[in-house]
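Pull up the model and keep the sequence next to it. We'll go from the overall layout down to a handful of residues.

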Amino acid sequence: MKTKIKDIENKLKAFLDNDNRIKIVFVIGIIGILLIFLSGFIDNSEEKSESVMASAQIDTDTEKYINNTEQELVKLLELISGVGDAKVMVTVSGTTELEYAQELSRDSDDQSQSYKNQYVFVETNGKKEALVKKVNKPQISGVCVVCQGGEDIRVIEKVTRAVSTVLGISSNSICVMPLK
């Protein structure tokens, strides 16, 4: 193994001794390509794990939002006369989105002006995090209500109106069905 390395080293020295600049540029290029190739094998699992954790947190927030909305709707609908026991399923489009605070800075001199947006960071528990300006909940795309009074057209109308008003969705996105 050592002899192969020495052999390669000797060939490289002989190659570089010719004072041919094209050869030197070629060798530097090969070394650069090798470094780029090898950088793909470097473990950046910390960055990946932070990204996965943030994604999991957003998914959890979306699930909590859906479950909370369903529970609140059940409580409300069971108060309406004729509804009885109710089960609710809410569907959403998208996920929870975080909007981060940004700071606009302006650099100017006599001849030009430039603007730069930068995220605002805060330190909590020794960890630097971007400041969340706004949390956008997912948009509710449909609701299915299954209730005891689901065969009565008057109950269906009451439930549809209540859900439409509370969630701000059209009645076309609401389905009311009778409970078994």
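What follows is a walk from the whole chain to its core, then to two threonines, a pair of cysteines and one asparagine.

First, some housekeeping: this is a predicted model, so local features need pLDDT of at least 70 and side-chain atom pairs count only at pLDDT 80 or more, while totals for chains, interfaces and linings use all residues. Residues are numbered from 1 along each chain as its sequence is written, and side-chain values use heavy atoms, with hydrogens and water left out.

Let's start with the layout. The chain has four helices and nine strands, where helices (H or I, at least four residues) and strands (E, at least two) are DSSP runs numbered from the N terminus. Read from the N terminus, the order is α-α-α-β-β-β-β-β-β-β-β-α-β. Taking a contact as heavy atoms within 4.5 Å, 64% of the contacts with a separation of 6 or more link residues 24 or more positions apart. The chain exposes about 14100 Å², and 55% of that comes from carbon and sulfur atoms; the areas are Shrake-Rupley values with a 1.4 Å probe, and for residues only the protein chains shown count as cover. Of the 180 residues, 17% are buried. Here buried means under 20% relative accessible area, exposed means over 50%, and partly exposed is in between (1.4 Å probe, protein chains only).

Now for the inside. In soluble globular proteins, nonpolar side chains tend to be buried together. A nonpolar core is a set of buried Ala, Val, Leu, Ile, Met, Phe, Trp, Tyr and Cys residues joined through side-chain atoms within 4.5 Å. The largest one has 20 residues, and Leu77, Val83, Val88, Val143, Val145, Val159 and Val163 touch the most other members. Two or more residues each come from helix H3 (45-77), strand S1 (86-93), strand S8 (139-147), helix H4 (153-167) and strand S9 (174-178). Try centring your view on Val143: beyond its neighbours within four places in sequence, its contacts include Leu73, Val88, Val163, Leu167 and Ile174.

Two threonines of helix H3 come next. Thr62 sits in that helix and is buried, at 7% relative accessible area. Its side chain reaches the backbone nitrogen of Thr96 at 3.0 Å. That is a polar contact, meaning a pair of N or O atoms within 3.5 Å; within protein, one must be able to donate a hydrogen and the other to accept it, and residues adjacent in sequence count only if both atoms are side-chain atoms. Not counting residues up to four places away in sequence, Thr62 also touches Val92, Gly94, Thr95 and Pro138, among others. Thr69, likewise in helix H3, is buried at 12%, and its side chain goes to the backbone oxygen of Tyr65 at 2.8 Å. With the same sequence exclusion, Thr69 touches Val90, Ile140 and Leu167.

How many disulfides does a search of the whole structure find? Zero, with a disulfide being a pair of cysteine sulfur atoms within 2.5 Å. The sulfur of Cys144 has its closest cysteine sulfur in Cys175, but that is 4.3 Å away and so too far for a bond. Both cysteines are partly exposed, Cys144 at 26% and Cys175 at 33%.

Last stop: Asn125, in the loop between strand S5 (121-124) and strand S6 (127-130). Its phi is near 55°, a positive value in a residue other than glycine. Asn125 is exposed, with a relative accessible area of 83%.
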